[in-house]
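Notebook open, coffee poured. Today I am looking up a few backbone oddities, a pocket and a bridge.

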Amino acid sequence: SRGVLPGFKRDIQEYFAAMSDLGLSLSDILAESLGLPGDYFREFLTQPLAILRLLRYLPVASDVDKGKIGAGAHSDYGLITILATDEVGGLQVELKEGVWANVDPIPGTFVVNLGDMLARWSNDVYRSTRHRVVIKRAVTRYSMPFFYEPNHDTVVSCIPTICGESGSPSSGDSSSPPETPRDSGIAPPGIGIFGPPQKPRYAPILSGEYLLSKYHDTHA
């Protein structure tokens, strides 16, 4: 209530807006790293599917051998996740199958997880980050993940710097991908930083439908 947490709604709304701006800036960095114009993903993020969760983990120490764990191993479904966490720690990422590394909290920083949708967009040049939470001490842990996903109607398919124009994403109609202007900054197939066009590893998908199907599988 307002009496218990004065200003809570305002603070959360401001934080949500700041995370949305950060997510957009990170999408520019990702685009440039993939040989694309810095604003390439922005047309697919005009109405992003963004969710902020406020999580409290019970003060129960994990026991991996007994299957008692704060959060089981998984990858996030969407584009990127921006995570703020407290000093308790517990986040681990999988370096290779069965090998886990601690992600120790650093004050004043965020953890950025790459999601399944980015893996599909980049044809696995970027892999989604498989992670889990293993709480080593019986203390309460807090975290705030911000999930930043493309517009509901975005068609996600392999980007042109990796798979050529036939795999590029579009918004709305997957049957007619937009043409790329000569001055767009996108390297022609075979000339980009990733060499000759690759074969797409994933079929095109609609962002919203994909997320809904993953949520259904998780909670069925």
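**Entry 1: a loop**

In which loop is the place of Asn123? I found Asn123 in the loop that runs between helix H2 (116–121) and strand E8 (131–133). A reminder to myself before going on: this is a predicted model.

I looked up the backbone of Asn123 and got a positive phi of about 55°, although this residue is not a glycine. Next I asked whether Asn123 is buried or exposed. The relative accessible area is 2% for Asn123, and buried means under 20%, so I noted Asn123 as buried.

Then I moved on to Asp124, which also sits in the loop between H2 and E8. What is the sign of phi at Asp124? I read a positive value of about 70° there, and Asp124 is not a glycine. Asp124 has a relative accessible area of 15%, and this too falls under the 20% cut-off, so Asp124 goes down as buried.

**Entry 2: the largest pocket**

How much space lies in the largest pocket? I have about 670 Å³ written down for this pocket.

I then checked the lining and counted 26 residues for the largest pocket. Nearest the centre of this pocket lie Arg53, Leu55, His74, Asp76 and Phe147.

Which elements supply at least two residues each to the lining? My list has strand E2 (55–57), strand E3 (71–74), strand E4 (80–85), E8, strand E9 (141–149) and helix H4 (207–219). E8 was already in my notes, as the strand at one end of the loop that holds Asn123. The largest share of the lining, five residues, comes from E9.

I also sorted the lining by class, which gave twelve nonpolar, ten polar and four charged residues.

**Entry 3: the bridge**

How many disulfides does the structure hold? I found one. The disulfide joins Cys158 to Cys163, with an S to S distance of 2.0 Å.

Why is this disulfide right-handed? The torsion about the S-S bond of Cys158 and Cys163 is about 80°, so I logged the disulfide as right-handed.

Last, I looked up whether the two cysteines are buried or exposed. Cys158 has a relative accessible area of 2% and is buried. Cys163, at 5% relative accessibility, counts as buried as well.

That will do for today.

Terms used: Residues numbered from 1 in each chain as written. Predicted model: local features only at pLDDT ≥ 70, side-chain atom pairs only at ≥ 80, totals over all residues. Heavy atoms only, no water. Helix = DSSP H or I, 4+ residues; strand = E, 2+ residues; numbered from the N terminus. Buried < 20%, exposed > 50% of the residue type's maximum accessible area, 1.4 Å probe, protein only. 1 Å grid on protein atoms, 1.4 Å probe; cavity = no way out; pocket = protein on both sides within 12 Å on 5 of 7 lines; lining within 4 Å. Points joined across faces, edges and corners; volume = space filled by probe spheres on them. Nonpolar A, V, L, I, M, F, W, Y, C, P; charged D, E, K, R; others polar. Disulfide = S-S within 2.5 Å.
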